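Here's a quick briefing to help you find your way around a structure you haven't met before. Have a look at it first, then we'll take it topic by topic.

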Amino acid sequence: MARFELKMPKLGESITEATITKWLKNVGDTIELDDPILELSTDKVDSEIPSPVEGVLKEQLFNEGDTAEVDTVIAIIEVEDEEGDAGDDADTSSSDDKDKAGQAPEAKEDSDQSQPDASDQSQPDASDQSQPDAEAAAKTAETTSETTGSTPAGKKGESGRFYSPLVRSIAMEENIPMEELETIPGTGKNNRLTKDDLLAYLKKRKEQPAAEPSAKKEKSAAPKAEQATPKSETKQVQKPDIYVGEQDEVVEMDRMRKLIADHMVMSEDTSVHITLFREVDMTNVVQWRNKNKKIVQEREQEKLTFTPVFIDAVAKALRDYPMVNVSLDGYKIIKRKNINVGMATALSDGNLIVPVIKNADHKSLLGIMKEVNDLATRARNSKLKPEEIQGGTFSVTNFGTFGATMGTPIINQPQVAILGVGLIQKKPVVIEGPDGDSIGIRPRMDLSLACDHRIVDGALGGMFLQKVAEYLENFDVNQKI
């Protein structure tokens with residue numbers, strides 16, 4: 001018999017560690033090839049990890065709730081000896097990653113509109129996601145240390161205790177120096193400080209009465225420079241007391257909703273949001289879809305929705321206005337080479353996920369349609385891979401699916417704009433013609449563009465929105481798919 005070392009797989013770019021949420025196999029269990037062994041959770045996605053070998057699970061080196069770095073051995077599997085041995089160093093990262101966030105409902109379709117599930121908010125992708133990655137956290141911590149004079153939280157303290165990127169980012173946001181971090185008891189393996197430990201500590205600290213007089217005196221005697229209030233502290237506001245009635249039910253957010261909430265607050269705190277609106281005549285698009293949806297269904301066994309048309313129009317407009325396809329790093333502008341459009345998708349449990357159509361400007365309408373449907377189907381079956389929700393440079397969110405005529409979406413960081421798509425409705429409008437104006441019935445739709453005013457001002461945002469509208473209104477009714 002030989003020992004196979006199962007290592008923590010790399011679940012995507014910028015992900016350096018993952019938390020073991022559940023062991024699906026116990027010590028002594030027989031494991032078949034591709035049998036799910038455990039469930040992992042990261043800041044970006046939840047995954048079920050299959051076994052790359054057949055054998056018997058001999059050891060679990062981490063408990064449920066423990067966090068391990070990428071390439072760390074997390075379990076030992078005993079396998080049959082084979083010629084050349086069962087390589088202990090075999091790559092265990094090629095897994096059929098599985099998103100456990102929920103299942104996406106079927107796209108709603110009526111006589112006016114049929115589009116994939118979406119909502120007025122978007123969840124982070126990898127380049128977006130919900131918590132800062134290790135490099136970003138470290139970089140921000142360095143900046144904080146310069147302004148506050150405190151020592152930023154590194155990966156390890158003087159005691160040798162390891163601190164995860166998530167813990168370090170929370171410590172940085174709360175201005176907790178390494179010296180203070182080292183004093184907080186941890187409940188993780190080897191006294192490791194978990195996110196829950198840190199949040200419990202912060203809650204307890206906030207509930208404590210004001211500092212004792214002696215401590216107050218020491219503070220007042222400190223040099224003026226050291227008393228300077230960090231910028232992040234000035235933004236903190238007193239949370240209102242929440243009354244809970246006897247018949248009210250208090251329910252804890254699930255992990256994904258917490259990430260969404262944190263990501264939305266971070267986005268509002270990061271970007272200066274402005275929202276621009278434009279009503280669009282959808283006559284050509286609606287006529288084209290009505291003419292082709294049955295043909296596509298019979299020929300491709302695929303459902304033809306409006307979403308591929310929206311993504312195609314956005315990709316073309318981003319090519320015309322590349323300064324909307326950027327990210328900001330402080331005062332540095334990162335011009336994205338690729339146009340990767342994310343589609344915010346609502347899941348059956350009320351949560352959201354944003355699969356990304358990579359290089360959308362290089363794909364045909366048929367190619368975009370197939371990819372949209374494929375991602376939606378695998379989202380419903382919890383089969384999305386981490387890399388499929390990463391790398392987005394712009395997002396589209398569809399309010400119309402749920403009957404909303406318009407909305408003000410929140411930017412999916414680190415992108416600088418997001419397009420909201422409303423319900424397509426028949427409206428009476430003034431139609432200009434060679435013989436004068438007349439009143440007619442036309443399918444109309446509201447677009448809303450939320451953009452980061454630090455880089456996308458009203459002029460650029462307005463021109464981009466106008467270009468998207470032009471691509472939709474001038475859509476070729478005779479276009480083949």
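Leaving out residues up to four places away in sequence, which residues does K467 touch? The ones to look for are A317, D320 and Y321. Keep in mind that this is a predicted model, so we're walking through computed geometry.

**The chain as a whole**

- The protein chain has 11 helices and 20 strands.
- It runs to 481 residues, and 47% of them count as buried.
- Take the contacts between residues at least 6 apart in sequence: 70% of those join residues at least 24 apart.

**K467 and L276, two residues with far-off partners**

- You'll find K467 in helix α11, which covers residues 458-473.
- K467 counts as partly exposed, because its relative accessibility is 21% and anything under 20% would be buried.
- K316 sits 151 residues from K467 in sequence, yet their C-alpha atoms are 8.7 Å apart in space.
- L276 belongs to strand β11, residues 273-281.
- From L276 to G462 is 186 residues along the chain, but 6.9 Å between C-alpha atoms.
- Setting aside neighbours within four places in sequence, L276 is in contact with L447, S448, L449, C451, G458, G461, G462 and L465.

**Helix α10 on its own**

- α10 is 16 residues long, and from first C-alpha to last it reaches 23 Å, close to the 22 Å expected at 1.5 Å a residue.
- Its buried residues are L365, I368, M369, V372, N373, L375, A376, R378, A379 and R380.
- What lies over those buried residues? The cover includes α8, α9 (307-320), β14 (341-346) and β16 (356-357).
- Right after α10 comes S382, with a positive phi of about 55°.

**How α8 meets α10**

- Helix α8 (residues 283-300) and helix α10 (residues 365-380) have axes that come within 13 Å and cross at roughly 65°.
- That angle is why α8 counts as roughly perpendicular to α10.
- As for handedness, the crossing of α8 and α10 is right-handed.
- On the α8 side, the contact is made by W288, V296, R299 and E300, while α10 brings L365, L366, M369 and K370.
- Sort the residues of this contact by class and you get 5 nonpolar, no polar and 3 charged.

**How α9 meets α10**

- α9 and α10 pack with their axes 9 Å apart, at an angle of about 120°.
- The two helices are therefore oblique to each other.
- α9 passes α10 in a right-handed crossing.
- From α9, the residues T307, P308, V309, I311 and D312 meet L365, I368, M369 and V372 in α10.
- By class, this contact of α9 with α10 splits into 7 nonpolar, 1 polar and 1 charged.
- L365 and M369 of α10 are worth picking out: they appear in the contact with α8, and again in the contact with α9.
- L365 and M369 are also among the buried residues of α10.
- A bit of background on spacing: an α-helix has 3.6 residues a turn, so residues three or four places apart point the same way.

**Backbone oddities in the loops**

- Where does the chain switch to a cis peptide bond? One such bond joins Q413 and P414, with omega at about 5°.
- P414 is in the loop between β17 (394-398) and β18 (417-421).
- D34 is not a glycine, but its phi is positive, near 75°.
- The loop that holds D34 runs between β3 (30-31) and β4 (36-41).
- Is D34 buried or exposed? It counts as exposed, because its relative accessibility is 53%.
- Q301 isn't a glycine either, and its phi is positive at about 55°.
- Look for Q301 in the loop between α8 and α9.
- With 57% relative accessibility, Q301 counts as exposed.

Notes:
Residues numbered from 1 in each chain as written. Predicted model: local features only at pLDDT ≥ 70, side-chain atom pairs only at ≥ 80, totals over all residues. Heavy atoms only, no water. Axes fitted to C-alpha atoms, helices over the stretch in contact; angles between N-to-C directions. Helix = DSSP H or I, 4+ residues; strand = E, 2+ residues; numbered from the N terminus. Parallel < 35°, antiparallel > 145°, perpendicular 65-115°, else oblique. Left-handed = near helix turned anticlockwise from the far one by under 90°. Contact = heavy atoms within 4.5 Å. Nonpolar A, V, L, I, M, F, W, Y, C, P; charged D, E, K, R; others polar. Expected span 1.5 Å × (residues − 1). Buried < 20%, exposed > 50% of the residue type's maximum accessible area, 1.4 Å probe, protein only.
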